[in-house]
Amino acid sequence: MPVGIHIKENPAGFHRFDSVWTPTALVLDENGKERHRIEGYLPKDEFSAQLLLGLARVAFMQKKWADAGKLYDEILQEYPNSEAAPESVYWKAVSHYKGTNDHTVLGEVPKILQQKYPTSVWAKKAIPWSV
Amino acid sequence: MAVSWNKDIDAALSLAKAQHKAVLVDFSAAPA
């Protein structure tokens, strides 16, 4: 459900969400709770990937693990070179673990991130999962 | 595909709750 707010037409709407810069895009869940924030311009593919990241986060926070996993997968399929991709590898594995209690999936993640996205902060975050 | 942008955040939130949908809020300062 897309909402467009011009900050000069609706400054209260802008400040309501503690926004400080434009462009800013927020992904809110059905209860209006912010789940993802994108500040600054992004090229189309990066922006699309970030939107999917937001929807995945909505599903994740609703404990819809399979739905979250599918959305992270979609990012990896459609936007494998985006900044959202390594984050998706990480959270896809967490979604799988949360849904199944199968911790072995986490052990694969450091290797994947080191191979595909070695400079990503997500590669560092996954280091403790190395088996 | 053209996006149908809603300008009323509260109306959009009510609709989102009723339809169990997420909301995208885009803040812009760009000239119309």
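In chain A, strand β2 (residues 24-28) and strand β3 (residues 34-39) run antiparallel and are joined by five bridges, where helices (H or I, at least four residues) and strands (E, at least two) are DSSP runs numbered from the N terminus, and two strands pair if DSSP finds at least two bridges between them. The structure is a predicted model, in which local features need pLDDT of at least 70 and side-chain atom pairs count only at pLDDT 80 or more, whereas totals for chains, interfaces and linings use all residues. Residues are numbered from 1 along each chain as its sequence is written, and chains are lettered from A and ligands numbered from 1 in the order in which they are written. Within the β2(A)-β3(A) pair, A:T24 has A:E39 of β3(A) as its bridge partner. Five residues lie between the strands of this hairpin, and A:G32 there takes a positive phi near 85 degrees.

For the complex, the predictor gives an ipTM of 0.92 and a pTM of 0.95. The average pLDDT of chain B is 91, with 97% of the residues scoring at least 70; pLDDT is the predictor's confidence in each residue, from 0 to 100. Chain A contains six helices and three strands, which follow one another from the N terminus as β-α-β-β-α-α-α-α-α, and its C-alpha trace spans about 55 × 30 × 25 Å along the principal axes.

The hairpin of chain A belongs to an open sheet of four strands with mixed pairing, in the order β1(A)-β1(B)-β2(A)-β3(A). Because β1 (2-6) and β3 of chain A stand at the edges and have a single partner strand each, one side of each is left without a neighbour in the sheet. Neighbouring strands are turned against each other by 15 degrees on average, direction ignored, where axes are lines fitted to C-alpha atoms, for helices over the stretch in contact, and angles run from 0 to 180 degrees between N-to-C directions. Between the chains, β2(A) pairs with strand β1 (residues 23-28) of chain B in the antiparallel sense over five bridges; in this pairing A:L26 stands opposite B:V25, and A:V27 stands opposite B:L24.

Helices from both chains lie across this sheet. Helix α2(A) lies across β2 and β3 of chain A together with β1 of chain B, and runs at about 165 degrees to β3(A). Helix α1 (residues 9-19) of chain B lies across β1 of chain A together with β1 of chain B, at about 165 degrees to β1(B).

Within chain A, helix α2 (residues 44-61) packs with helix α4 (residues 84-100) at an angle of about 15 degrees, the axes being 11 Å apart. The two helices are therefore roughly parallel, a term for angles under 35 degrees, with those over 145 counting as roughly antiparallel, 65 to 115 as roughly perpendicular and the rest as oblique. Their crossing is left-handed, which is to say that the near helix is turned anticlockwise from the far one by less than a right angle. The residues A:A49, A:Q50, A:L53, A:A56 and A:F60 of α2(A) meet A:A84, A:E87, A:S88, A:W91 and A:S95 of α4(A), contact being defined by C-beta atoms, placed from the backbone, that lie within 7 Å. Six of the residues in this contact are nonpolar, three polar and one charged, with Ala, Val, Leu, Ile, Met, Phe, Trp, Tyr, Cys and Pro counted as nonpolar, Asp, Glu, Lys and Arg as charged, and the others, Gly among them, as polar.

The contact between the chains takes 26 residues from chain A and 20 residues from chain B. On the side of chain A that touches chain B, β1, α1 (11-16), β2 and α2 each supply at least two residues, and by class this side has 15 nonpolar, eight polar and three charged residues.

Conventions
Two residues are in contact if their C-beta atoms, placed from the backbone, lie within 7 Å.
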